[in-house]
Amino acid sequence: NQLIQDFSPMKFYSFKVKDNSIWVIFIAIFVVASFLSKSFLTYSNLTSVLMTESIIGILAVGIMWCILSKGIDLTAGSLVALSSVIVASLAQTPGYSGAFYKGLDIPVPIAVIAAVAVASLFGLINGLVIAYTKIPPFIATLGTQLICRAAAQLYTNAYPIPELKSGLKVLGQGSIGGVFPVIVVIFIIFAVISGFMLTQTRFGKNI
């Protein structure tokens, strides 16, 4: 009798729905949107949605680690702004008259590394402040959020940075074989690596 109860269809169904409720909601929204708009299922629309949400997805993968450790990081959006203007200012087209740094021609990978280094520095500062001063993560990262946002505006004087090298633009706008957006592929790679670390490594399981 116990064996029958353990493998009863009702118990199996309720268990699966409980564990995958977010997917049920996602599918329901997807179906409703498909009926509400004829253009929803078009390739251009789905690609646009995927590209936009992949940026948020990459951030969510990082924030997930903070939340799993009972913390939070409010600086993500501001760090995106700051690192974006830094990489853009270092990767403008050579010879552009209004270049941020005239006469400077830095390879795109170096510009990206520089922006990541700045973001990592602020992440390190957040971690040290939280770990050694015991300031709640919400308060510590709220302060860093304001600093990063202000730094991004001061750095650019609140003006956009145009004329970017094609090698940089391909990261956010390019596609592989004209089908798979590069930013979506990057998000998938981040998600797969993060999932592997969480489930297959001692560090991830400890988190």
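Phe26 is partly exposed, with a relative accessibility of 49%. This residue belongs to a predicted model, and its surroundings offer an entry point to the aromatic contacts of the protein. Trp23, by comparison, reaches 54% relative accessibility and therefore counts as exposed, since the threshold for that class is over 50%. Both Trp23 and Phe26 are located in helix H3, which spans residues 21-36. They are separated by 3 residues, about one turn of the helix.

Aromatic pairing was examined across the protein, and the count comes to 6 aromatic pairs. One of these is formed by Trp23 and Phe26, whose arrangement is edge-to-face. The centres of the two rings lie 6.2 Å apart, and the angle between their planes is 90 degrees. Trp23 and Phe26 also belong to one aromatic cluster, together with Phe30 and Phe40.

A further pair is made by Trp65 and Phe203. Here the ring centres are 5.8 Å apart and the planes meet at 20 degrees; because planes under 30 degrees apart count as stacked, the pair is assigned to that class. This pair links distant parts of the chain, as Trp65 lies in helix H4 and Phe203 in helix H10 (residues 202-206), 138 residues apart. The two partners can also be described by their accessibility. Trp65 has a relative accessibility of 16% and is buried, because the limit for burial is under 20%. Phe203, with a relative accessible area of 49%, is partly exposed.

Two polar positions were considered next. Thr75 occupies the loop between helix H4 (43-68) and helix H5 (76-90). Its relative accessibility is 0%, so Thr75 counts as buried. When neighbours within four places in sequence are left aside, the contacts of Thr75 are Asn126, Thr141, Thr144 and Gln145. Ser78 is placed in helix H5. With a relative accessibility of 2%, Ser78 is likewise counted as buried. Residues up to four places away in sequence being excluded, Ser78 touches Gln145, Cys148 and Arg149. Gln145 is thus listed among the contacts of Thr75 and among those of Ser78.

At the level of the whole chain, the protein contains 10 helices and 2 strands. The order of these elements along the sequence is α-α-α-α-α-α-α-α-β-β-α-α. The radius of gyration is 22 Å, well over the 17 Å that the globule rule gives for 207 residues, so the protein is more spread out than a compact globule. Along the principal axes, the C-alpha atoms fill a box of roughly 80 × 55 × 30 Å.

The distribution of contacts and of surface completes the description. Among contacts in the protein with a separation of 6 or more, 67% are accounted for by residues 24 or more positions apart. Buried residues make up 23% of the 207 residues. The exposed area of the protein is about 14,200 Å², of which carbon and sulfur atoms supply 73%. As to charge, the protein has 12 positive and 6 negative charges, and the mean positions of the two sets are 5 Å apart.

Key:
Residues are numbered from 1 along each chain as its sequence is written. This is a predicted model: local features need pLDDT of at least 70, side-chain atom pairs count only at pLDDT 80 or more; totals for chains, interfaces and linings use all residues. Side-chain values use heavy atoms; hydrogens and water are left out. Helices (H or I, at least four residues) and strands (E, at least two) are DSSP runs, numbered from the N terminus. The radius of gyration is taken over C-alpha atoms; the globule rule is 2.2 Å times the number of residues to the power 0.38. Buried means under 20% relative accessible area, exposed over 50%, partly exposed in between (1.4 Å probe, protein chains only). Contact means heavy atoms within 4.5 Å. Accessible areas come from the Shrake-Rupley method with a 1.4 Å probe; for residues, only the protein chains shown count as cover. Lys and Arg count as positive and Asp and Glu as negative; His and the chain ends are not counted. The place of a charge is taken as NZ of Lys, CZ of Arg, CG of Asp or CD of Glu. Rings of Phe, Tyr and Trp (its six-membered ring) pair if their centres lie within 6.5 Å; planes under 30 degrees apart count as stacked, over 60 as edge-to-face and the rest as tilted.
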